[in-house]
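Got your viewer open and a selection box ready? Here's a walk through the model, one selection at a time.

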Amino acid sequence: MFKLLFISLITYSSLFSASFFTLDNLGSLKIYTSLKVDYLSVKQKDEIKKLLHAKLQKAGFSFDNTDPTTFMLKIEAIEVDESQVIYVQIALGEDVQTLRKGNIKSFAFTYVANDFIDSEEPYVDTLESINFLLSEFIEAYKDDNE
C-alpha cells in the first residue's frame, strides 16, 4: 500500500512540476558558442549560430541590452570506430550573489541541459539535439513567465 501511494505521489507531482531552474524575468541574452568539433564546417557552425539566434528571438529574447545573461551552446565530440560520440550542452551563465557570509559575487550556471549522441550522421543529429534542447529551454522559460 505504501509503495503504491509513494508511486502515485511521485507521478502526480511530476505532472505539475517545473524544472528546478528559475527562468523568471529573463529577457536579454548574449549568445556564446563553443563548437569544438571537426565534423562541422565553418558554414555549418554559422548556420547553428543563426538557428540559435532565430529561435531565441522568436521566443521573445532580445540581444542588445546591457548586462545580458550569457546563453551558451557547447558541442564536443570524439570519433569512435565509424561514428561520432557527441556531447551537446546548453546553459545560462549569470552574475549572482551568494547567500554565504560576505555575499560573495560570482558567475554561475543557472540553467544547464545536455544530450549525448552516438551518431553516424553527426551534423543532422547535432541539429536535432540542439532543437530538442532549445525547445525544452523555451518551454521552461514560458512556464516560468506565465
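Start with a colour scheme: pLDDT is the predictor's confidence in each residue, on a scale from 0 to 100. This is a predicted model, so colouring by that score is a sensible way in. The protein averages a pLDDT of 86, and 87% of the residues score at least 70. Among the elements, helix α1 (residues 2–16) has the lowest mean, 51, while helix α2 (residues 42–58) has the highest, 96.

Now select residues 12–17. Here pLDDT stays under 50, and the model shows zero contacts beyond four places in sequence for this stretch.

**The overall layout**

Switch to cartoon view. You should be able to pick out three helices and four strands, and walking along the sequence gives α-β-α-β-β-β-α. The protein has 146 residues, of which 35% count as buried. If you draw a contact map, take the contacts with a separation of 6 or more: residues 24 or more positions apart account for 63% of them.

**The sheet**

Select the strands. The four of them make an open sheet, ordered β1-β2-β3-β4, with mixed pairing. At the edges sit β1 (29–36) and β4 (105–119), each of which pairs on one side only. Look along the sheet and you'll find a twist that averages 15 degrees from one strand to the next.

Next, take the strands in pairs. β2 (69–80) and β3 (residues 83–97) run antiparallel, joined by 11 bridges. To see one of these, show Phe71, whose bridge partner in β3 is Leu92. Then move on to β3 and β4, which also pair in the antiparallel sense, over 14 bridges. Ile86 is a good marker here: its bridge partner in β4 is Ile117.

**Two loops with a positive phi**

Which residue in the turn of the β2–β3 hairpin has a positive phi? Select Asp81: the hairpin has two residues between its strands, and Asp81 in the turn has a phi of about 55 degrees. Most residues other than glycine have a negative phi, which is what makes a stop here worthwhile. Asp81 is exposed, with a relative accessible area of 71%.

Follow the chain to the loop between β3 and β4, where Asn103 lies. Asn103 is another residue other than glycine with a positive phi, near 45 degrees. Its side of the story on accessibility: Asn103 is partly exposed, at a relative accessible area of 40%.

**A salt bridge**

Side chains of opposite charge can pair when their charged atoms come close. How many salt bridges does the structure hold? It holds one. Show Lys74 and Glu76 as sticks to find it, and put a distance label on the closest N and O atoms, which are 3.8 Å apart. Both partners can be checked on a surface view: Lys74 is partly exposed, with a relative accessible area of 24%, and Glu76 is partly exposed too, at 34%.

**Tyr111 and its surroundings**

Go back to strand β4 and select Tyr111. Is Tyr111 buried or exposed? Tyr111 has a relative accessible area of 6%, so it is buried. Now expand the selection to its contacts, leaving aside neighbours within four places in sequence: you get Phe21, Leu23, Ile90, Ala91, Leu92, Glu136 and Phe137. For a distance check, pick the C-alpha atoms of Tyr111 and Phe71, which are 9.2 Å apart in space and 40 residues apart in sequence.

**The helices against the sheet**

Select α2 together with β1 and β2. The helix lies across both strands, running at about 150 degrees to β1.

Finish on helix α3 (residues 122–144), which has 23 residues. From its first C-alpha to its last, α3 reaches 33 Å, close to the 33 Å expected at 1.5 Å a residue. Which residues of α3 are buried? Colour Pro122, Tyr123, Thr126, Ser129, Ile130, Leu133, Leu134, Phe137, Ile138, Ala140 and Tyr141. Then bring back the rest of the cartoon to see what covers these buried residues: the cover includes α2, β2, β3 and β4. One of the buried residues, Phe137, is a residue you've already met, among the contacts of Tyr111.

Terms used. Residues numbered from 1 in each chain as written. Predicted model: local features only at pLDDT ≥ 70, side-chain atom pairs only at ≥ 80, totals over all residues. Heavy atoms only, no water. Contact = heavy atoms within 4.5 Å. Salt bridge = Lys/Arg side-chain N within 4 Å of Asp/Glu carboxyl O. Buried < 20%, exposed > 50% of the residue type's maximum accessible area, 1.4 Å probe, protein only. Pairing = 2+ DSSP bridges. Axes fitted to C-alpha atoms, helices over the stretch in contact; angles between N-to-C directions. Expected span 1.5 Å × (residues − 1).
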